[in-house]
Amino acid sequence: MFKLCSNKMVSQEGSEVELLVSPGARSEHGRYLQDPIVSIDLSEWLRIIEFLLQGLKVYGSVYHINHGNPFNMEVLVDSWPEYQMVIIRPQKQEMTDDMDSYRNVYRMFSKEPQKSEEVLKNCEIINWKQRLQIQGFQESLGEGIRVATFSKSVKVEHSRALLLVTEDILKLNASNKSKLGSWAETGHPDDEFESETPNFKYAQLDVSYSGLVNDNWKRGKNERSLHYIKRCIEDLPAACMLGPEGVPVSWVTMDPSCEVGMAYSVEKYRRTGNMARVMVRYMKYLRQKNIPFYLSVLEENEDSRRFVGQFGFFEASCEWHQWTCYPQNLVPF
């Protein structure tokens with residue numbers, strides 16, 4: 001039986017929820033990963049990092065829950081405080097459209113992903129009557145998902161990509177006291193760049209350009225994706241480079257689990273360095289605010305892998321996975 005973690009429990013500094021992605025991440029000295037002076041052997045350190053990466057999708061979601069919860073998500077665990085599985089899902093009032101797989105998203109982490117089958121088959125926390133997505137960084141969750149969907153007469157499509165992170169991942173703290181704030185409040189003192197390129201200006205991506213982003217997003221180009229993009233731009237960090245016409249020519253956004261994505265440059269302004277400048281300043285802002293971030297890239301997309309590599313991103317030991325599920329009566333759009 002899954003239990004709902006209350007908002008108080010989620011936001012309590014030092015609580016178990018804060019460490020959902022690093023179960024067992026205590027040294028023999030009783031100190032947590034965030035303690036830089038703790039002395040542990042290499043094998044234990046590697047185990048901690050592996051858990052951290054595998055649970056990063058959940059961790060990023062917990063971060064946003066702790067900072068206003070703009071997407072109205074909730075945390076569920078199979079038991080407390082000794083949990084084995086964590087599921088992040090939208091609150092019920094958010095999942096009113098059975099066809100909206102942008103909104104009907106479940107993010108999972110398990111200490112024993114091989115045993116997820118029974119949990120997924122028997123619990124009622126997943127509405128298998130809807131078109132939905134299950135996301136996580138543990139490929140071994142897949143078998144349990146496939147068995148569960150088969151028992152529910154639900155079709156499933158599996159997507160995978162490389163998970164790319166930076167060294168900032170080792171400094172995570174989901175309950176830190178930072179606030180998202182506005183871009184103007186933080187400030188971006190890069191006058192040298194603006195003076196050298198007077199026709200281009202780095203700015204916060206305005207929600208009025210949601211349609212532009214939607215039209216150029218491979219997973220978009222429909223009304224549901226447009227609504228999702230509007231919420232991401234309104235409530236989460238999103239940046240752009242404004243061109244000579246005052247319209248964005250390059251941009252990047254973040255999703256409710258702190259994944260950076262939807263990055264795009266219009267064809268006319270590609271290979272001009274605009275996207276690189278956006279990424280440098282965007283990452284600077286995220287670091288100033290202590291916001292965790294990561295991204296995913298298809299393995300065959302070598303150009304993108306080289307591009308993000310110059311900003312310190314490297315391939316994680318686990319991969320990005322998504323299972324898109326839909327009942328027999330709901331045909332994919």
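**Strand pairing, cores and confidence in the predicted model**

In this predicted model, strand 5 (residues 132-136) and strand 12 (residues 314-327) are paired in the antiparallel sense over 5 bridges, where helices (H or I, at least four residues) and strands (E, at least two) are DSSP runs numbered from the N terminus, and two strands pair if DSSP finds at least two bridges between them. Residues are numbered from 1 along each chain as its sequence is written. Because the model is predicted, local features need pLDDT of at least 70 and side-chain atom pairs count only at pLDDT 80 or more, while totals for chains, interfaces and linings use all residues, and side-chain values use heavy atoms, with hydrogens and water left out.

Within the pairing of strands 5 and 12, Leu132 stands opposite Cys325 of strand 12, and the C-alpha atoms of Leu132 and Cys325 lie 5.3 Å apart although 193 residues separate the two in sequence. Leu132 has 0% relative accessibility and therefore counts as buried, a term that means under 20% relative accessible area, with exposed meaning over 50% and partly exposed in between (1.4 Å probe, protein chains only). Residues up to four places away in sequence being set aside, the contacts of Leu132 (heavy atoms within 4.5 Å) include Ser101, Tyr106, Ile126, Trp323 and Cys325.

Gln135, also found in strand 5, has 6% relative accessibility and so counts as buried. The side chain of Gln135 is joined to that of Gln322 by a polar contact of 2.9 Å, a polar contact being a pair of N or O atoms within 3.5 Å, of which, within protein, one must be able to donate a hydrogen and the other to accept it, with residues adjacent in sequence counting only if both atoms are side-chain atoms. Beyond its neighbours within four places in sequence, Gln135 is in contact with residues including Lys57, Val105, Arg107 and His321.

Strand 12 also pairs with strand 6 (residues 154-165), in the antiparallel sense and over 11 bridges, and Val154 stands opposite Pro327 of strand 12. Since 10 of its 14 residues are buried, strand 12 is largely enclosed by the rest of the structure.

A further antiparallel pair is formed by strand 9 (residues 248-254) and strand 10 (residues 260-265), which are joined by 4 bridges. These two strands form a hairpin with 5 residues between them, and Cys258 in the turn has a positive phi of about 70°; Thr253 has Gly261 of strand 10 as its bridge partner.

The largest nonpolar core (a set of buried Ala, Val, Leu, Ile, Met, Phe, Trp, Tyr and Cys residues joined through side-chain atoms within 4.5 Å) has 66 residues, and those with the most contacts inside it include Tyr228, Met254, Val260 and Phe313. Helix 10 (residues 274-288) gives the most to this core, with 8 residues. Domain 1 (53-161) and domain 2 (165-173 + 191-318) both contribute residues, so the core lies between them; the domain bounds come from an automatic or database domain assignment. Apart from this core lies another, of 19 residues, among them Met85, Tyr106, Trp323 and Cys325.

Confidence is expressed as pLDDT, the predictor's confidence in each residue, from 0 to 100, and the chain averages 82, with 76% of the residues scoring at least 70. Over residues 7-40 the pLDDT is below 50, although this stretch has 73 contacts in the model beyond near neighbours in sequence. Residues 181-196 likewise stay under 50, with 25 contacts beyond four places in sequence. Where pLDDT is low, the predicted coordinates should not be read in detail.
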